[in-house]
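Let's walk through this one together, chain by chain and then into the packing. Have the structure open and turn it as you read.

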Amino acid sequence: MKKNWKRDDLIVRSLADSYLPIALILGFYVILHGNISPGGGFQGGVLAASGVLLLYLGYGFRGIATALNMERMHRLEAIGAIAYVLFAMLGIFAGYNFCRNILWNSGEIGDLWSAGTISLMNYAVGFKVLTGVGFLLLLIINLLSTEPGHEHDGTIPTTELEEGGDAE
Amino acid sequence: MMLANYIGAIALIVIGFYAMISKRDIIKIVVGMGIVDYGLNLMIVSIGFNEGGTAPIFTFGELVSGMYFVDPVPQALTLTSIVIGACVTAMALALCVRIYKEYGTLDTHEIRRLHG
Amino acid sequence: MSYNVYNVYMHFPVLAIMTLFVGAFCVTLAGKHEKVRNVIAGCAVLISFTLLALLVKPVMIDGNIITYWMGNWEPVEGYAIGIAIEVDALSLFFGLLITIAVACSCFYSYQYMKQDDARGSYFTLYLMLSGGVLGIVLSGDLFNIYVMLEVMTFAAVGLTAFRTWNPNAREAAFKYLVVGSIGSTCALLGTALVYAQCHTLNLAQISAILPGNLNPTTILAFALLFAGFGCKSFMFPFHPIAADAHGAAPSSVSVLISGVFTKTGVYGIIRVCYFLFRSMGLTSVQTMLVFIGCLSMFVCVTMALNQHDFKRLLAFHSISQIGYILTSLGLCTALGIAGGLYHAINHTLFKGLLFLTAGSVLYATGTTYLEKLGGLARKMPQTTALFLIGAFSISGIPPFNGFYSKWIIYQATFEKAAGGSIGYALVTVVCVVTSVLTLASFIKVGHSVFFGQANPELGNVKDPPLGMRVPMWILATLCVLTGLFPDLMLRYIIGPATAAVLNSVGYIDAAMGAGYAEAHLADPSLLAAPQLISIGAWQPASWLVLFVIVLLAVFLCSLLSRGNSARGLESDAKHAVFFGGERAEYSHISGGDLFWGFKHNLRGYLGFMSRVHTGVTNDYVLWGVTATAVIIAYCFVTM
């Protein structure tokens, strides 16, 4: 990147504005249709998390800092993971094995709601990946921002977390 | 047809290992790790391929007898492997940034405080 | 399937794994509240340990094998389509020793990690690592093992790079990641090739289909899986990264990496060699395993003689002990397997203890550099006692646990040599020599850290707080107990695990339904029931009496000579005239000088070894790739 690159460029910002909803909608679409079409929680989550990058391109560090809270994002990621395990544990509570699909006969095959617990677990994965990849992107952006030659207003607190925390 | 895939996969793996062995720049080593990963993914996907098979998606009303799928399990393995590879790359690059800040160089021959 | 209330213990293995993972994420939720984080982590490891301990009765003693199909996806028409968790005595054995080490290290790190500034994610990574390791040993699915291997590697790399104030941490973590990726690559490629042959990933089904089907693909798969798991156990050409990683990581993590992480490699090798390919009957595979084990043993112990850093030295010893385990497992006799497994549990215990004492020294003095330490015995009496217990155990001094397992290993190698293959006598010799060198090396450590003259710079050093001592005492007690009651250990823990190693038919039938193994196995050899005969069993009680008597005698002598000991020499005014007024100078006899003559005579070899371990990442990768290539070539030539 050039040093004197103007961040609040009108064209970049308008494009980011218009692409952001598309990215989010596409991401959530893929997450929701994980049980009946290619893709699923992970792919949709990554698509939706690209919104963080669009936000950064359009509004810079200040925009990200006002819109997103890193700490909260990190916690939401943990909640996604715990939710996944809890949905999987429903099987044990119902008297079957771990990961057992206990709502399996709900809905017609091919419907949006037809996969029972699998859908729920898929949503949990999507949520976890959305927040996890978003957090990872924020970390990387944060890392870049400390390099010389870039504007940095210091509004994003330097995280105390190692990058390894997201590598699962 | 598949033979080309296997040769390509092995070639990619060998190129990746060659990069890891001979390149002194740690970023290039990370690139080598990535190339090994791609070779591996190509290999696994090729293992599950069936000539003329359809996508392994259960869609109603289109099942004709004599129709068959490509094997979905290797595809699932590949997806997992891609995710893991992405994580490895991210982590290795993060470490590279830290190492550069600390040592001021990316040359493996100078990053050797731990030896002997 | 019908609504079936299983025996409740069926759920324990999966719950034990999931508790650790959920704990990891709950720690993240706890955020900045350190107490909450600690409580969550402690609860998670304790619950996990309890769940596994409750399985001892049904699995170890009653001899059941737990097969647990995720989501009730049971095999259809003889094909395992679901993901299984399969716990036999071998898995449970490794699971137990893992959770013990994890629990002790977890409680130790409450106090120990107070020196670090970024503690927020420590327990997240820690519990991920433990969960990954537990997932490997309890899983019944080859690909799940790979995924857990990766989870475990990431967490371990993250923890290695954890100490922000340790300048070497990043370098060590990077080397670890790069060289470790060779192992992961090999394991995944091997898994894919196995899938290509068997069209299943279930361990039990593979073990039924694969043995006896030796074609180029399976041979390649075997070699790759062997190299992959070997890399995770840091066997010979992969050992430098282990030394780097152990040295740079916090001590509580070194315990995990050395005591727990390496065991997954050993476990993987057992599963691959004894179950999946059933290739241990081949002399070539036995020779390969024994050869690699002996090389690891000898090379690493001589490398340890060269070291000047406490933790790096311990790391090399750790790999040397792994060499013992591999050698013993490579013998493919019931006695050998028993010795290997016994040494595995002992290794976890005494290595954990030693790393924790090294951590205590680091905690108290701020350094682990041997030349800077000295005379800590007066100031840290409990740590010294604990170190001595650990050092005696690892050097195989009776009545501590290392003696008994090494005794079995000597016996097993000797038995093999007596049975006709004379070459194994050499293996016995290597084992004994390594043991002697280990003892020498620990004398050096003891001398330069705990005894000898005190370094005046280390003024107000004292024993670590109670929270750190208790886990160490637990490990030390276990070290002594496992040494004192080897018969009980053999009967209830090691025996069932050994039987499980040789009982792959039971493993297959438990998963795939009775009679499956018989129907599918091409070559039903190697199915003999194990005979656990312990020749020349020793009497630990009499040894203990002798040990106590000697200890009392030493104590008495030191009491008697207290009056005219050299201790008061410096402070006593009446001696001052003989010194001509000058102060007694601090002259540290470093551990390196202790074996000066020995090292001087071997300077060619030792210098060569030191020069070869260059610390350049490329070289280590070259070693790893070469080793993999050699293993593949060897397998193709001999199998």
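How many of the 639 residues of chain C count as buried? The share is 59%, where buried takes 20 or more other C-beta atoms within 10 Å of a residue's own, exposed takes 12 or fewer, and partly exposed is in between, with C-beta atoms placed from the backbone. Before going on, keep in mind that this is a predicted model: local features need pLDDT of at least 70, side-chain atom pairs count only at pLDDT 80 or more, and totals for chains, interfaces and linings use all residues. Residues are numbered from 1 along each chain as its sequence is written, while chains are lettered from A and ligands numbered from 1 in the order in which they are written.

Stay with chain C for a moment. It has 27 helices and 2 strands; these are DSSP runs numbered from the N terminus, with helices being H or I over at least four residues and strands E over at least two. Along the principal axes, its C-alpha atoms fill a box of roughly 95 × 60 × 50 Å. Its radius of gyration is 25 Å, which agrees with the value near 26 Å for a compact globule of 639 residues; the radius is taken over C-alpha atoms, and the globule rule is 2.2 Å times the number of residues to the power 0.38. Of the contacts in chain C between residues at least 6 apart in sequence, 81% join residues at least 24 apart. A contact here means two C-beta atoms, placed from the backbone, within 7 Å.

Now swing over to chain B. Its elements run α-α-α from the N terminus on, with 3 helices and 0 strands in total. The C-alpha trace spans about 65 × 30 × 20 Å along its principal axes. A compact globule of 116 residues would have a radius of gyration near 13 Å, but chain B comes out at 20 Å. Of its residues, 34% count as buried.

So where do the chains meet? Chain B brings 34 residues to its contact with chain C, which brings 35. On the chain B side, H1 (2-22), H2 (26-47) and H3 (72-103) each supply at least two residues, and H3(B) gives the most, with 13. That side has 22 nonpolar, 7 polar and 5 charged residues. For these classes, Ala, Val, Leu, Ile, Met, Phe, Trp, Tyr, Cys and Pro are nonpolar, Asp, Glu, Lys and Arg are charged, and the others, Gly among them, are polar. Elsewhere, 23 residues of chain A are in contact with 30 of chain C.

Next, look inside. The largest nonpolar core has 297 residues, and C:Phe93, C:Leu129, C:Met152, C:Leu177 and C:Leu353 touch the most other members. Such a core is a set of buried Ala, Val, Leu, Ile, Met, Phe, Trp, Tyr and Cys residues joined through C-beta atoms within 7 Å. Helix H14 of chain C (334-365) gives the most to this core, with 19 residues. Leaving aside neighbours within four places in sequence, C:Leu177 is in contact with B:Val88, B:Met91, B:Ala92, B:Leu95 and C:Val157.

Finally, find H15(C), where 11 of 15 residues are buried, including C:Phe387 and C:Phe392. Its cover includes H13, H14, H16, H17 and H18 of chain C. Just after H15(C), C:Gly396 takes a positive phi of about 75°.
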